[in-house]
Amino acid sequence: MPQQKDIVKIAIQMPGAYPQLIQLDQKKPLSAVIKEVCDGWTLPGPDNYALQYADGVQTYITESNRLDIKNGCILRLTKAPGRCAEDLFKGIQSSDSGVRCDSLKELATVSTDVTFAQEFISRDGHLLLVKIVEDSNENNMIMTHTLTAFMELMDHGIVSWENLSTVFIKKIAGFVNAKPTDASIQQVCLDILESMVLSGQSLFLQVKQEVTMERLIAHLQVTNQQIQTKAMALLMAVLQTAGDSDRQDIFSFLNKKNLRQYIYKNIIHSSGSVQDKMAHYLYVLQSVTLNHLEPRMRTPLDCYSQEQRDILHGLRQAAFETESENSLSHERRRSLCAKEFKKLGFSNNSNPGQDLVRTPPGLLALDTMFYFATRYPDAYSRFVLENSSREDKHECPFARSSIQLTLVLCEILRIGETPSETRSDYHPIFFSQDRLLEELFCVCIQLLNKTWKEMRATQEDFDKVMQVVREQITRTLATKPTSLELFKNKVHALNYSEILKLRQTERLHQEEILAPPVLELKERLKPELLELIRQQRLNRLCQGTMFRKISNRRRQDKLWYCRLSPNHKMLHYGDVEEDTDNPPIETLQEKIPVADIKGLLTGKDCPHMKENKGKQTKEVLDLAFSIMYDVEEYSLNFIAPSRTDFCLWTDGLSVLLGREMSSEAMRSELEILLSMEIKLRLLDLENVPIPDSAPVVPKPPSNYNFCYDFSQTEQ
């Protein structure tokens, strides 16, 4: 008897017959099931039949996918894929054009199924389609069905694109290049060329020779949205596959013809699913175009490059009108340069190139600074001179700000990221501006200076200013400005006070979402949850922890163990061996009454940190704590094994001393517990029975064969 879980109740249809309702035994071979169905309709030759889904994607049922059949599915008895492939293989070779057309039309439909595709390709059916295309003796309708069927077959990846003949590629390119051609044929041919380009460099080079950029762009200028979409997809494939030189040629072509603006204006009027695809292609075009800046972003400044040193000195000379430097002595000239580089805002004024070694932004920061200085010399001089002459510690450092701003813009524009297959969040401003990064930099560096003054910032506030500037840029770009001028107006209107207002509004809105009753519930739950955390901390102290003694001699640290007594009245501690695991409390020789503990110190305030002042790393300082007991000169000093242990012990000791816990771990755990508790309290449990006791934990399985052993792949 088959088990109930192996039985699926389904209906099977066949044209001209009443449906059969059967209980499909998933353990029974599929051939036996098909024989029973054929017997039910008294059909001879069950080997000539197969089962297919009747609704949706009409996939053939095979032994590999039969487990996907669910209760209530409707299947259809149809020709077996091998028989169907044989019939269509003969049909497309018929001398009757009507039979050929019908056979190719059906082939284009059934080729979406991989089982059929394998059968048809095993008969070299795909080569027959290639020959039809190469001969080009058929009418447009037959050619459309032929190309569609070929594309569907190739999509399964059974046959490599690399095996296609040069004659076939030329024919496909010819259909794309021809002006008076059937639109349906051009759509499929554009699809085929896209797959060729993405399949490898050799096919890309052949397609590049056969299809001119002018002809491809012409397809973007037609009114047929489907052809526009396919042409855009091919252009994206070309951009992603092309080498740096070819890609740069394409960018130059697009910019020279003002085609980026045309593409954007033409495509924003697309509708429906076409618009979604086009939005993705616009994102890809933007991403690939901006990514040509990545090599500069990843390359540090070379201090031995005369060209790069000349650019640095050019920035200095453009900002400060100095006397002829040739008449100065070497030392005097060196001192003057260092002084002016400091005024320019470089941190390393004696060797400013060191500021540009960090990547990203690398040389891209030098490029943006130089672009600003040469493209807008008056604004550049005004920025530098205004800040270099200030003596109130509120000067905005141009070089440091420029380097960080370039990095911020690279992150916002996602320069260097591989284009996503799903994103569609392009910036319309990209399609109206040839050098987007550089022009945005020129606007935003002046914005940064303005925001710096509004915040009355000093060098210590540098990071805060950069956060505000980043927010100003991202909020403005989110409004989708279509031109640089519009971006400039909007971003300058979004001053520091407006940012503060927006933050306040969003904070109030968030608090409104958390309605007062929820906030009240949160406050009521806090004491109970804090008590839970306190008990956990004390339990952890009772378990104890292994600590390492830091001695003055290197690599000779000793281990000691400390734990709280079960009644929470004594701290027991003592030296242990390295292989000791959870030593009994009786083996720990030393102890301190909790009542004698007077204080808890952390970090650099600990006695053992003061003794080695200047010798300890920040990591060790973050793990150090001490308890002061009896009188002030006695202390027990700890170096926690980890930050987690530090938080557990300092919280636990604070509880023993009657103080509030203050670690970041406690705050995080409290927030998690509050969130979980509130979600549970707010669940809609009306008419849902709640058991009085917890459900019984099920027994372990008889084996763990269902678990995947990752260690096998790692070996």
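# Reading a predicted model, feature by feature

Modeller: Let's start at P360, which sits in the loop between α17 and α18 (363-375). Keep in mind as we go that this is a predicted model.

Biologist: Happy to start there. What kind of peptide bond joins T359 and P360?

Modeller: Omega is the angle to read. The bond between T359 and P360 is cis, with omega at about -20°. The next bond, from P360 to P361, is cis as well, with omega at about 10°. P361 belongs to the loop between α17 and α18 too.

Biologist: Is P360 buried, partly exposed or exposed?

Modeller: Buried means under 20% relative accessible area and exposed means over 50%. P360 has 23% relative accessibility, so it counts as partly exposed. You can also ask what lies across from a residue in space: the C-alpha atoms of P360 and G416 are 9.8 Å apart, although 56 residues separate them along the chain.

Biologist: Let me zoom out. Which domains does the assignment give?

Modeller: There are domain 1 (7-79), domain 2 (83-297), domain 3 (330-506) and domain 4 (527-667). To get a feel for the layout, take two centres: those of domain 1 and domain 4, computed from C-alpha atoms, lie 70 Å apart.

Biologist: And the interior? How many residues does the largest nonpolar core have?

Modeller: It has 146 residues, and L129, M196, M232, L235, L344 and L405 make the most contacts inside it. Helix α21 (residues 436-454) is the top contributor, giving 11 residues. Domain 2 and domain 3 each put at least three residues into this core. A separate core of 41 residues lies apart from it, and C542, F547, A640 and I678 are among its members.

Biologist: I'd like to try a helix. How far does α22 (residues 462-478) reach?

Modeller: Compare its span with the expected one. From first C-alpha to last, the 17 residues of α22 reach 24 Å, close to the 24 Å expected at 1.5 Å a residue.

Biologist: Which residues of α22 are buried?

Modeller: First, the general idea. An α-helix has 3.6 residues a turn, so residues three or four places apart point the same way. Now the case here: the buried residues of α22 are F462, V465, M466, V468, V469, E471, Q472, I473, T476 and L477. Try tracing steps of three or four through that list on your screen. After the helix comes K480, with a positive phi near 60°.

Biologist: Where else should I look at phi?

Modeller: Two residues are worth a visit. S136 is not a glycine, yet its phi is positive, near 50°. S136 lies in the loop between α5 (125-135) and α6 (140-154), and because its relative accessibility is 29%, S136 counts as partly exposed. R456, also not a glycine, has a positive phi of about 50°. R456 sits in the loop between α21 and α22, and R456 is exposed, with a relative accessible area of 54%.

Biologist: On to the spaces. What volume does the largest pocket have?

Modeller: About 380 Å³. A pocket is open, whereas a cavity is a space the probe cannot get out of. Of the 16 residues lining this pocket, H313, C337, F341, S350 and P352 are the closest to its centre. α16 (306-319) and α17 (330-343) each supply at least two lining residues, and α17 gives the most, with 6. By class, the lining has 7 nonpolar, 6 polar and 3 charged residues.

Biologist: How many cavities of 30 Å³ or more does the search find?

Modeller: The search of the whole structure finds 1. The largest cavity has a volume of about 70 Å³.

Biologist: Which residues line the largest cavity?

Modeller: Its lining is made of Y283, Q286, S287, I412, L413, R414, E417, D425 and H427. Helix α14 (residues 272-290) gives the most, with 3 residues. Sorted by class, the lining has 3 nonpolar, 3 polar and 3 charged residues.

Biologist: Why does the largest cavity lie between domain 2 and domain 3?

Modeller: Look at who supplies the lining. Both domain 2 and domain 3 give residues to it, so the cavity lies between them.

Note on methods
Residues are numbered from 1 along each chain as its sequence is written. This is a predicted model: local features need pLDDT of at least 70, side-chain atom pairs count only at pLDDT 80 or more; totals for chains, interfaces and linings use all residues. Side-chain values use heavy atoms; hydrogens and water are left out. Domain bounds come from an automatic or database domain assignment. A nonpolar core is a set of buried Ala, Val, Leu, Ile, Met, Phe, Trp, Tyr and Cys residues joined through side-chain atoms within 4.5 Å. Buried means under 20% relative accessible area, exposed over 50%, partly exposed in between (1.4 Å probe, protein chains only). Helices (H or I, at least four residues) and strands (E, at least two) are DSSP runs, numbered from the N terminus. On a 1 Å grid over the protein atoms alone, a cavity is a set of points where a 1.4 Å probe fits but cannot get out, and a pocket is an open set with protein on both sides within 12 Å along at least five of seven lines; lining residues have an atom within 4 Å of a point. Grid points are joined across faces, edges and corners, and a volume is the space filled by probe spheres set on the points. Ala, Val, Leu, Ile, Met, Phe, Trp, Tyr, Cys and Pro count as nonpolar, Asp, Glu, Lys and Arg as charged, and the others, Gly among them, as polar. The expected span of a helix is 1.5 Å times one less than its number of residues.
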